[in-house]
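Colleague: I'm new to reading protein models, and I'd love some company. Could you pick one part of this structure, take a close look at it with me, and then follow the trail from there?

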Amino acid sequence: MWNRSFSSNATRAVLKEKKWDALIVGAGHNGLIAAAYLARGGLSVAVLERRHVIGGAAVTEELIPGFKFSRCSYLLSLLRPSIIRDLELRRHGLKLLKPMAASFTPCLDGRHLLLGMDDEHDYLEISKFSKRDAEAYPRYERQLHKYCKFMDFILDSRTPEALHKGSSFNDRLREKVQNSIFWGRCLQHALSLGQKDMVELIDLLVSPTSKVLNEWFESDVLKATLAGDAIIGTMTSINDSGSGYVLLHHVMGETTHGDRNIWSHVEGGMGSVSMAISNAAKEAGVHIATNAEVSELMIEDSGRLKGVLLVDGTQVHSSVVLSNATPYKTFMEMVPHTFLPDDFLHAIKCSDYTSGTTKINVAVDKLPQFHSCNLNSQEEVGPQHTATIHIGAERMEDIGKACQDAWNGFPSRRPIMEMTIPSSLDKTVSPPGIVVHMLLQSLFYLFSLRTILVCYRS
């Protein structure tokens, strides 16, 4: 299913036979989405993927015989509901599996914190650690969800573009009109939010996560559990200014039914997301070529784009190219430097991709059991197994120390780990009868461990 490639000769013939309205470099989910929308707008579009399999970071591969793993991304929440609706991704095979609980934190003292089943259960769970926090938690969630409505506008707005020197009068006028519309709507949303909430939103965006959570709560376990959302995918401490935005970013996810902060598994793994998008794209007429690595962009001396050159020498022509590769890969390796300003090249060179995350995929023969939580028999899946499992951080100080170890260049003495068990909900990713398919991921290996993919045998 995942290793779908095309006949090399046939693919090259199709790519060379015409000038395309647009080319997409890379068949990651963002590139596929762009291709689908462009094709639905009536353009001829080709997607060029380096690997034998599409999906980029959203890919499913059989790393262990019989076990399918989401190699990079592992849960779905931040894909915009409008895209799911526009591209009819459910009709094209996307099936989301909602966990029974959102997060599970087992504690060394024998207690645990299990959140996200329902409001009443959250209150009882947090009350084990702090009655005050149990009463504050619903207010905290409501406040963040209020901020998310403002952020939705930002996320769904047109991406700003920087005009280069020599842009036409019409282009400059169009940019001014679009900017005026954006800022007018932004002001409208700010006014609807209100002055007090707007000031508090700005404070959240620029504040350290530790400051935000200390103002809301007193329980170490609750604060550490929530703080985990502020370090995902970053080399940032929860004590750093601006980490509060990352905390908000990971509750901005929304389902097509309007539920917030739901991180769903995807049946078939994250590659199913890319497959659904590619199905929508191909239905719209997009041509997707695998094993088609782009070597460089072909640009005339005048600066006019002609298309791309593949590593095998094939020339594919188009005057529009969108890159789904990283900015570094795109501008340092694909675009001739003579066409780029020195200050821009310097900024790209200095892009920081540092990460403290290590991800481990494993298959085991038993469902993991937690002594602090006996909600089910040892053979049955409980809500704790479907949740994001937090290990190694019962205090925000633990997260801070793990980060400091990483900054010092050493593996964390006490890694901060998250674990998910996709096969607790998805029976398609492991052989029949196998229940444990785990993703263990250390947020800072040099600062934690981030995810384990577990497949377990029943």
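Modeller: Gladly! One term comes first: a residue counts as buried when its relative accessible area is under 20%, as exposed when that area is over 50%, and as partly exposed in between. Please also keep in mind that this is a predicted model.

Let's start at Val 429, which sits in the loop between β17 (417–420) and β18 (435–442). Is Val 429 buried or exposed? Its relative accessible area is 2%, and the limit for buried is under 20%, so Val 429 is buried. Now look for Lys 68: along the sequence it is 361 residues away from Val 429, yet the two C-alpha atoms are 4.8 Å apart in space.

Lys 68 leads us to strand β5, which covers residues 67–70. Strand β5 runs antiparallel to β4 (residues 60–64), and three bridges join the two. At one point of this pairing, Ile 64 stands opposite Phe 67. The two strands form a hairpin with two residues between them, and in the turn Gly 66 has a positive phi of about 90°. Glu 61, within the stretch given for β4, belongs to a salt-bridge network with Arg 51 and Arg 71.

A little further along, Arg 80 lies in the loop between β5 and α3. Here is a useful idea: side chains of opposite charge can pair when their charged atoms come close. Arg 80 does this with Asp 152, forming a salt bridge whose closest N and O atoms are 3.4 Å apart. Why does this pair tie together separate parts of the sequence? Asp 152 lies in helix α5 while Arg 80 is in that loop, so the pair links parts that are 72 residues apart in sequence. Both Arg 80 and Asp 152 are buried.

Helix α5 (residues 131–156) also holds Tyr 140, so let's pause there. How many aromatic pairs does a search of the whole structure find? There are nine. In one of them, Tyr 140 and Trp 216 meet edge-to-face, with 5.5 Å from centre to centre and 75° between the planes. Trp 216 is in helix α8 (residues 209–216), so this pair ties together parts that are 76 residues apart in sequence. Tyr 140 is buried at 4% relative accessible area, whereas Trp 216, at 25%, is partly exposed. Tyr 140 also forms an edge-to-face pair with Phe 217, at 5.0 Å between centres and 70° between planes. Phe 217 is in the loop between α8 and α9 (220–227), so here the linked parts are 77 residues apart in sequence. Phe 217 is buried, with 2% relative accessibility. Together with Tyr 137, the residues Tyr 140, Trp 216 and Phe 217 form one aromatic cluster.

Back to charges for a moment: the structure holds 19 salt bridges. Another of them joins Glu 267 to Lys 95, with 3.6 Å between the closest N and O atoms. Glu 267 lies in the loop between β9 (265–266) and α11 (271–283) and Lys 95 in the loop between α3 and β6, so this pair ties together parts 172 residues apart in sequence. Glu 267 is partly exposed at 30% relative accessibility, and Lys 95 is partly exposed at 42%.

The loop between α3 (81–86) and β6 (96–97) also contains Glu 88. What stands out about the phi of Glu 88? It is positive, about 50°, although Glu 88 is not a glycine. For context, most residues other than glycine have a negative phi. Asn 291 is another case, with a positive phi near 50°, and it lies in the loop between β10 and β11 (294–299).

Strand β10 brings us to a last stop, an open sheet of four strands in the order β10-β3-β2-β14, with parallel pairing. Its edge strands, β10 (287–289) and β14 (321–323), each pair on one side only. From one strand to the next, the twist averages 20°. Within this sheet, β2 (residues 22–25) and β14 pair over three bridges, and Val 25 stands opposite Ser 323.

Technical notes
Residues numbered from 1 in each chain as written. Predicted model: local features only at pLDDT ≥ 70, side-chain atom pairs only at ≥ 80, totals over all residues. Heavy atoms only, no water. Pairing = 2+ DSSP bridges. Axes fitted to C-alpha atoms, helices over the stretch in contact; angles between N-to-C directions. Buried < 20%, exposed > 50% of the residue type's maximum accessible area, 1.4 Å probe, protein only. Phe/Tyr/Trp six-rings, centres within 6.5 Å; stacked < 30°, edge-to-face > 60°. Salt bridge = Lys/Arg side-chain N within 4 Å of Asp/Glu carboxyl O.
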